Amino acid sequence: MQEEPTLKSRRSLTLRFGIPIAKTREFWDALRDGRFVTTKCKSCGKISFPPQADCPRCGSGDHEWVALGTEAKLVTYTHVMVTPASFVENDPYIIAIGELTNGLKVLAWLEGTTIEKLKPGMGMRLEARQSREGNPYYVFVPA
Ligand SMILES: [Zn+2]
């Protein structure tokens, strides 16, 4: 197969984008204060995390905000050595899935430990962080 002719460039691109958060504003405001809240469907009672404006189980848009416990157990993890372009400035990092005490599974970076120390079932907790741009986000840390 013949390759399409292209003009090649080695310039870097900076991406600027906005993520709409109007429907999950309570979550981001709480996270900025170091608290975790999420959505609970008023129709069927399903608790979602990350928060969902519309219930993934029954489709209802009627939800309330409930406090989310931050204790978790490590389910599985991976060590990301070859980072995607948007994280090229980061050192290799660990992505983990943790199961909260209410049974919800959460995907997040795991900080404050090394890959050698990880064992499925070990205790972790969610912690709020702030990016260089001032955006709140969350990570797991060992409990
Ligand atoms: Zn529902």
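## Exercises on a predicted zinc-binding model

In this predicted model, the zinc ion has as its protein donors Cys41 (SG), Cys44 (SG), Cys55 (SG) and Cys58 (SG), lying 2.3 Å from it; donors are N, O and S atoms within 2.8 Å of the metal (3.2 Å for Na, K and Ca), and since water is not among the atoms, sites may look incomplete. Local features need pLDDT of at least 70 and side-chain atom pairs count only at pLDDT 80 or more, while totals for chains, interfaces and linings use all residues. Residues are numbered from 1 along each chain as its sequence is written, and side-chain values use heavy atoms, with hydrogens and water left out.

**Exercise 1.** Determine the arrangement of the four donor atoms around the zinc ion and the spacing of the donors along the chain.

*Solution.* Begin with the angles: the four donor atoms subtend 102 to 116° around the zinc ion, and the arrangement is therefore tetrahedral, a label given to four donors if all angles lie between 85 and 135 degrees. Next, read the donors along the chain, where they follow the spacing C-x2-C-x10-C-x2-C. Within this set, Cys44 in the loop between strand E1 (37–41) and strand E2 (47–48) and Cys55 in the loop between E2 and strand E3 (63–67) link distant parts of the chain, 11 residues apart; helices (H or I, at least four residues) and strands (E, at least two) are DSSP runs, numbered from the N terminus. Finally, compare accessibility: Cys44 is partly exposed because its relative accessible area is 30%, whereas Cys55, at 9%, is buried, given that buried means under 20% relative accessible area, exposed over 50% and partly exposed in between (1.4 Å probe, protein chains only).

**Exercise 2.** Work out the strand order of the open three-stranded sheet and identify its edge strands.

*Solution.* The three strands run in the order E2-E1-E3 with antiparallel pairing, where two strands pair if DSSP finds at least two bridges between them. E2 and E3 are the edge strands, each pairing on one side only. For the pairing of E1 with E3, count five bridges in the antiparallel sense, and note that Lys40 has Glu64 in E3 as its bridge partner.

**Exercise 3.** Trace the bridge partners of Arg125 in the strands that pair with E7.

*Solution.* Take strand E4 (residues 71–80) to begin with: it pairs with strand E7 (residues 123–130) in the antiparallel sense over three bridges, and Glu71 has Arg125 in E7 as its bridge partner. Then turn to strand E8 (residues 136–142), which pairs with E7 in the antiparallel sense over seven bridges, with Arg125 standing opposite Val141 in E8. The hairpin of E7 and E8 has five residues between the strands, and Gly134 there takes a positive phi near 90°.

**Exercise 4.** Locate Leu126 in the largest nonpolar core and list the contacts of Leu126.

*Solution.* A nonpolar core is a set of buried Ala, Val, Leu, Ile, Met, Phe, Trp, Tyr and Cys residues joined through side-chain atoms within 4.5 Å. Of the 20 residues in the largest one, those touching the most other members are Phe49, Leu100, Val106, Leu110, Leu126, Tyr138 and Phe140. Two or more residues come from each of H1, E4, strand E5 (93–100), strand E6 (105–110), E7 and E8. Leaving aside residues up to four places away in sequence, Leu126 touches Phe36, Thr70, Leu100, Val106, Tyr138, Val139 and Phe140, a contact being heavy atoms within 4.5 Å.

Terms used:
Four donors count as tetrahedral if all angles lie between 85 and 135 degrees; four count as square planar and six as octahedral if opposite donors are over 155 degrees apart and all others between 65 and 115; anything else is irregular.
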